[in-house]
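Q: Could you take me through one part of this model up close, the aromatic cluster and whatever sits around it? I'd like to hear which rings pair up, how buried they are, and what else joins those parts of the chain.

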Amino acid sequence: MNENRAGLGYQDFEEIRTKHIFYIDKTDFIREWWENADKVTLITRPRRFGKTLNMSMTECFFSKKYEGRGELFEGLSIWEEQSPDGEYPYRKLQGTFPVIFLSFANVGLTQVETDLSTSSSGRELQISSRQWRNFCRRRVLRCQLMRGLHSTS
């Protein structure tokens with residue numbers, strides 16, 4: 001029996017597909033993004049609107065790490081997309097690109113929440129904001145360093 005179960009809080013596309021968790025097909029996002037060929041893409045949505053899951057889906061689709069894992073997309077619109085000549089153009093793209101996936105979904109902001117509830121002046125919030133910026137800068141520098149190391153080897 002291959003019944004999908006409902007689940008909450010899943011952010012990993014591979015886990016959803018392999019554990020047969022109910023999934024609303026959002027793979028049209030991949031097609032739209034690919035065909036638009038934008039130089040920069042900014043995805044803004046409120047909390048809990050599936051940003052991390054969509055990025056995980058995109059990683060599973062494009063990343064070389066998932067090369068040959070087309071079964072993750074079987075039955076979804078991106079996999080069934082057929083051109084007039086009978087080809088499946090998006091199947092050829094699956095697993096063909098190096099992908100760097102960064103998520104801040106699990107970075108806790110409990111200190112900021114604590115500061116908000118205990119501070120009337122907002123001073124602690126400013127300190128936490130500065131710490132957050134510094135944290136992000138360190139991560140970006142680390143990613144740039146890692147990218148530089150991989151491109152020279």
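What follows is a walk through the aromatic cluster, with its surroundings added step by step.

A: Happy to. Bear in mind that this is a predicted model. To get your bearings, the protein chain has 6 helices and 0 strands, so written by the DSSP runs the order from the N terminus is simply α-α-α-α-α-α. Of its 153 residues, 22% count as buried. Among contacts with a separation of 6 or more, 64% are between residues 24 or more positions apart. Keep that last figure in mind, as several pairs below link parts of the chain that are well separated in sequence.

Now the rings. The aromatic pairs number 9. A good place to start is F13 with Y23, an edge-to-face pair with 5.4 Å between centres and 80° between planes. F13 belongs to helix α1, residues 13-18, while Y23 is in the loop between α1 and α2 (28-36), so this pair ties together parts 10 residues apart in sequence. Both of these residues are buried.

F13 has another partner, F73. Here the rings are stacked, at 5.0 Å centre to centre and with 25° between the planes. This pair reaches a long way along the chain: F13 is in helix α1, F73 is in the loop between α3 (51-62) and α4 (77-80), and their positions lie 60 residues apart in the numbering. How buried are the two rings' residues? F13 has a relative accessible area of 0%, and F73 also comes out at 0%. Since buried means under 20%, both qualify.

Zoom out a little and ring pairs join F13, Y23, W33, W34, F61, F62, F73, W79 and F97 into a cluster. So what touches this cluster without being aromatic itself? One such residue is L93, in the loop between α4 and α5 (110-118). Leaving aside residues up to four places away in sequence, L93 touches W34, F61 and F62. The C-alpha atoms of L93 and F62 are 6.6 Å apart, although 31 residues separate them along the chain. L93 counts as buried, at 15% relative accessibility.

The cluster also has a side that shows on the surface. W33, W34 and F97, which are members of the cluster, also belong to a nonpolar surface patch together with V99 and F101. The accessible area of that patch adds up to about 400 Å². W33 sits in helix α2 and is partly exposed, with 32% relative accessibility. For the whole chain, the exposed area is about 11,500 Å², and carbon and sulfur atoms supply 53% of it.

Next, the charged side chains. Helix α1 brings in E14 as well, whose side chain meets that of R69 in a salt bridge, 2.7 Å from N to O. E14 is in α1 and R69 is in the loop between α3 and α4, so this bridge ties together parts 55 residues apart in sequence. That is the loop in which F73 is found. E14 is partly exposed at 23% relative accessible area, and R69 is partly exposed at 22%.

R69 has a second bridge, to E71, at 2.6 Å from N to O. E71 is partly exposed too, at 40%. Together E14, R69 and E71 make up a salt-bridge network. So helix α1 and the α3-α4 loop are linked by the F13 and F73 ring pair as well as by the E14 and R69 salt bridge.

The structure holds 8 salt bridges, including one between K65 and E59, at 3.8 Å from N to O. Its two ends sit in contrasting settings: K65 is exposed at 59%, whereas E59 is buried at 11%.

Finally, two arginines are placed over tyrosine rings. The charged end of R31 sits over the ring of Y90, 5.8 Å from its centre. R91 has its charged end over the ring of Y88, and there the distance to the ring centre is 3.9 Å.

Note on methods:
Residues are numbered from 1 along each chain as its sequence is written. This is a predicted model: local features need pLDDT of at least 70, side-chain atom pairs count only at pLDDT 80 or more; totals for chains, interfaces and linings use all residues. Side-chain values use heavy atoms; hydrogens and water are left out. Rings of Phe, Tyr and Trp (its six-membered ring) pair if their centres lie within 6.5 Å; planes under 30 degrees apart count as stacked, over 60 as edge-to-face and the rest as tilted. Helices (H or I, at least four residues) and strands (E, at least two) are DSSP runs, numbered from the N terminus. Buried means under 20% relative accessible area, exposed over 50%, partly exposed in between (1.4 Å probe, protein chains only). A charge sits over a ring if NZ of Lys or CZ of Arg is within 6 Å of the ring centre and within 35 degrees of the ring normal. Contact means heavy atoms within 4.5 Å. Patches are made of residues with over 30% relative accessible area and no salt bridge: like charges are joined within 9 Å, nonpolar side chains (Val, Leu, Ile, Met, Phe, Trp, Tyr) within 5 Å. Accessible areas come from the Shrake-Rupley method with a 1.4 Å probe; for residues, only the protein chains shown count as cover. A salt bridge is a side-chain nitrogen of Lys or Arg within 4 Å of a carboxyl oxygen of Asp or Glu.
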